[in-house]
Amino acid sequence: MPGNVTARVLLPAKGYTNGLALMEGNVVSGTVSNNWLTLTNVGSGLHALWLATTSSPPPALLFSNWQSGWLGPMQQPGPGGETADPEGDGIVNLLEFAMGGDPLSADAANLKLQIAPARRTVCLSLRERKSLDGAGFGQFLKSTNLMSWLPVTPLSGAAIQDLGEIWLREATFPIEDNQSFYRIEYSP
Ligand SMILES: [Ca+2]
């Protein structure tokens, strides 16, 4: 879709009446009439618009849809693959998807885990795609020596800011006596 336009797009509904589609890894809603799903206000650019059969599709399907929209013409495996980093900002495509990055423009600074001020807990803020809500797609890991890492569950993981397609979340962990390191791992 060219320029500064928004468009109305019709997809064959194939008998589904839920009025849902996938676009850039997000679930979007439209209206179904005469077995056609109508989506309005579709913005400019390249899109992958797929019919969605459920409001909570599995992360792997959301990622495939995101890949097709952002990286469609790129080879998979190759620059469009989940562990590739086509613009070289150090954030692989799977992470760009999970955290709402732009895989074609270096934006790594936006995507780092940030330490937030907190008194009785270790508090990390991170971005997470809303459509992954509760999908168990990301796993926090903790280490005291940067060599062995063990899964760890945050005390809380509240969304603190609405960034459109993305939540800014804060994950809190108990303060330990030992020096501790945290990271988050994603697998579709
Ligand atoms: Ca990247």
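Colleague: What makes strand 1 (residues 7-12) and strand 5 (residues 36-42) count as a pair?

Modeller: Five bridges join strand 1 and strand 5, in the antiparallel sense. Strands pair if DSSP finds at least two bridges between them, so five is enough. Proline 12, for instance, stands opposite tryptophan 36 in strand 5. Bear in mind that this is a predicted model, where local features need pLDDT of at least 70, side-chain atom pairs count only at pLDDT 80 or more, and totals for chains, interfaces and linings use all residues. Residues are numbered from 1 along each chain as its sequence is written.

Colleague: How do you know what is a strand and what is a helix here?

Modeller: They're DSSP runs, numbered from the N terminus: H or I over at least four residues for a helix, E over at least two for a strand. The protein chain has three helices and 13 strands on that count.

Colleague: And what joins strand 4 (residues 31-33) to strand 5?

Modeller: Three bridges, again antiparallel, with valine 32 opposite leucine 37 in strand 5. Strand 4 and strand 5 make a hairpin with two residues between them. In that turn, asparagine 34 has a positive phi of about 50°. Asparagine 35, in the loop between strand 4 and strand 5, has phi near 65°, which is positive in a residue other than glycine.

Colleague: In what order do the strands of the open sheet run?

Modeller: The order is 1-5-4, three strands with antiparallel pairing. Strand 1 and strand 4 are the edges, as each pairs on one side only. Neighbouring strands of this sheet are turned by 30° against each other on average, direction ignored (axes are lines fitted to C-alpha atoms, for helices over the stretch in contact, and angles run from 0 to 180 degrees between N-to-C directions).

Colleague: Back to asparagine 35: why does it count as buried or exposed?

Modeller: The cut-offs are 20 or more other C-beta atoms within 10 Å for buried, 12 or fewer for exposed, and partly exposed in between, with C-beta atoms placed from the backbone. Asparagine 35 has 11 such neighbours, so it is exposed.

Colleague: What about glutamate 24, buried or exposed?

Modeller: Buried: glutamate 24 has 23 other C-beta atoms within 10 Å. Glutamate 24 is in the loop between strand 2 and strand 3 (26-29), and its phi is near 50°, another positive value in a residue other than glycine.

Colleague: How do you know that the length of helix 1 (residues 59-71) agrees with its 13 residues?

Modeller: The expected span is 1.5 Å times one less than the number of residues. That gives 18 Å for helix 1, and its end C-alpha atoms are 17 Å apart, which agrees.

Colleague: Why do you call helix 1 largely enclosed?

Modeller: Because 10 of its 13 residues are buried, among them Pro59, Leu62, Phe63, Trp66 and Trp70. The cover over the buried residues of helix 1 includes strand 2 (20-23), strand 6 (49-51) and helix 2 (93-99).

Colleague: What makes the largest nonpolar core a core?

Modeller: A core is a set of buried Ala, Val, Leu, Ile, Met, Phe, Trp, Tyr and Cys residues joined through C-beta atoms within 7 Å. This one has 26 residues, with Ala21 and Ala98 making the most contacts inside it. Strand 2, strand 5, helix 1, helix 2 and strand 8 (121-129) each give it two or more residues. At least three of its residues come from each of domain 1 (1-55) and domain 2 (110-186), bounds that come from an automatic or database domain assignment.

Colleague: Which residues is alanine 98 in contact with, leaving aside neighbours within four places in sequence?

Modeller: Contact means C-beta atoms, placed from the backbone, within 7 Å. For alanine 98 that gives Glu128, Arg129, Leu132, Phe137, Gly138 and Tyr186.

Colleague: How far apart are the C-alpha centres of domain 1 and domain 2?

Modeller: They lie 33 Å apart, while the C-alpha atoms of the protein chain fill a box of roughly 65 × 30 × 30 Å along the principal axes. Of its 188 residues, 26% count as buried.

How values were computed. Two residues are in contact if their C-beta atoms, placed from the backbone, lie within 7 Å.
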